[in-house]
Amino acid sequence: MRIILLAVFFIFISLEESKTQNYYGDSESNVFDFSINSKGNLIALPFESKIELWTIENPRLVSEFKEIHTNSIRAINFSNSGNFIVSGGKDSLLVVWDSKSGLPLFEAKPHSGIILSVKFSPNDKFIASAATDKNVVITDSKTGEIITVFKGHTDDVLDVEFIDDNLIATCSADGSIIIWELSLRKKINQWLAHKTWVRDISVSPNRTKILSCGDDGRIKQWDISNLADIQLLAEQKVATNWLTTIDCSDDNSFGFAGHNKRIKIVTPFNIYTLRLKCYINKIEFIPDRKYMSLIIATYGGGIFHYDAREMKAK
């Protein structure tokens, strides 16, 4: 029997919009992506064709990177060392930047469509990018040389995540999730995860699970410990419209959000809910925090920091 993710005995805690204005930039902007460095003290934000680097606590603009992209940036990621940032967008450009100087190190054009997701591998040697051309491209992070191109999805590839230095997971508007093996340059497994677009995936810190969400309003949890036999561990329909983002804070807690304008954080003991006035494009837990702390990017409501300690019982 499939395990239902949200048990009825959980305590529900509700939140109105934060009174703390921890905004990064314009509080009415559209923000589709962002990236937090591994120390959890800096955030990189794309605003149109430029990148802004901000401190997370007591928000302060540190630097701006610009004059390379010719159209809006849709994807961004910090390297695990924190020394580099990769960006991709509507101009199909992949750009790697020095995070300290703000200077571009190289630019490449590995896709023929809009780049929707970019990620550094855990060892920072590779960059995986996903785009509307249905391809997943692995690039050398030092030179920009294309290592391999994975073809297997039949529609836009919406997110890419490294499971480890060799395994990569992707999700697509074709409803499927694929796991690829870099060393063998091939697809390991592909399965129909949702009935329609799979908007986002998140790999658990112990690397044994993938969480997914999609336009069907469902969240699902997959056991990937045996790559030859992926198992559905749990699922639940939690919305009537698009779920656009999901993220794990640890092996037992996660959050999700979307076009229902609500964020839910699920822990072993509680469910926390935050209601906003606009669509939510992305949430991400800040690393190295003892308590749940989120960055929230919205469509028309800017991007801001929210701390779970602000949550009050309804």
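## Notebook: salt bridges, a sheet and some single residues

I began with the pair K66 and E64, whose side chains meet in a salt bridge with an N to O distance of 3.6 Å. I note at the outset that this is a predicted model, and I read each entry below with that in mind. For the two partners I looked up the accessibility: K66 is partly exposed at a relative accessible area of 45%, and E64 is also partly exposed, with a value of 32%. I then asked which residues are linked with this pair in a network of salt bridges. The network is made up of K50, E52, E64 and K66.

**Entry on the whole set of salt bridges.** How many salt bridges does a search of the whole structure find? The search returns 10, and I followed two further ones by residue.

**Entry on R218 and E235.** I found a salt bridge between R218 and E235, in which the closest N and O atoms are 3.4 Å apart. R218 belongs to strand β20 and E235 to strand β21, so this pair ties together parts that lie 17 residues apart in sequence. I checked how far each partner is covered: R218 counts as partly exposed at 28% relative accessibility, whereas E235 is buried, with a relative accessible area of 12%. The cut-off matters for this reading, because buried means under 20% relative accessible area.

**Entry on E284 and K282.** I next looked at E284 and K282, whose side chains meet in a salt bridge at 3.4 Å, taken from N to O. Is E284 buried or exposed? E284 is buried, with a relative accessible area of 19%, and because the limit for buried is under 20%, I record the number beside the word. K282 is buried as well, with a relative accessible area of 16%.

**Entry on the sheet that holds β20 and β21.** Having met these two strands through R218 and E235, I traced the sheet around them. Four strands form an open sheet in the order β18-β19-β20-β21, and their pairing is antiparallel. The edge strands are β18, covering residues 198–203, and β21, covering residues 231–237, each of which pairs on one side only. I also looked up the angle between neighbouring strands of this sheet, which are turned by 20° against each other on average when direction is ignored.

Within the sheet I took a further look at one pairing. Strand β19, residues 209–214, runs antiparallel to strand β20, residues 218–223, and five bridges join the two. Which residue of β20 does C213 stand opposite? I find I219 in that place.

**Entry on H305.** I located H305 in strand β28, which spans residues 303–307. H305 is buried, with a relative accessible area of 5%, and I therefore looked for a polar partner of this covered side chain. The side chain of H305 makes a polar contact with the side chain of S293, at 2.6 Å.

**Entry on positive phi angles.** I noted two residues other than glycine with a positive phi, E67 with a value near 70° and R185 with a value near 55°. Where does E67 lie? E67 is in the loop between β5 (60–65) and β6 (73–78), and at 72% relative accessibility E67 counts as exposed. R185 lies in the loop between β16 (176–181) and β17 (186–192), and R185 counts as partly exposed at 42% relative accessibility.

**Entry on a surface patch.** I looked for nonpolar side chains on the surface and found a patch formed by F32, Y279 and Y299, which together have about 290 Å² of accessible area. For F32 I added the position, which is in the loop between β1 (11–15) and β2 (35–36). F32 is partly exposed, with a relative accessible area of 33%; because patch members need over 30% relative accessible area, I keep that value next to the patch in my notes.

**Entry on S117.** Last, I looked up S117, which is found in strand β10, residues 115–120. S117 counts as buried at 2% relative accessibility. I also checked its separation from S204, a residue 87 positions away along the chain, and the C-alpha atoms of S117 and S204 are separated by 18 Å.

Terms used: Residues are numbered from 1 along each chain as its sequence is written. This is a predicted model: local features need pLDDT of at least 70, side-chain atom pairs count only at pLDDT 80 or more; totals for chains, interfaces and linings use all residues. Side-chain values use heavy atoms; hydrogens and water are left out. Patches are made of residues with over 30% relative accessible area and no salt bridge: like charges are joined within 9 Å, nonpolar side chains (Val, Leu, Ile, Met, Phe, Trp, Tyr) within 5 Å. Accessible areas come from the Shrake-Rupley method with a 1.4 Å probe; for residues, only the protein chains shown count as cover. A salt bridge is a side-chain nitrogen of Lys or Arg within 4 Å of a carboxyl oxygen of Asp or Glu. Buried means under 20% relative accessible area, exposed over 50%, partly exposed in between (1.4 Å probe, protein chains only). Two strands pair if DSSP finds at least two bridges between them. Axes are lines fitted to C-alpha atoms, for helices over the stretch in contact, and angles run from 0 to 180 degrees between N-to-C directions. A polar contact is a pair of N or O atoms within 3.5 Å; within protein, one must be able to donate a hydrogen and the other to accept it, and residues adjacent in sequence count only if both atoms are side-chain atoms.
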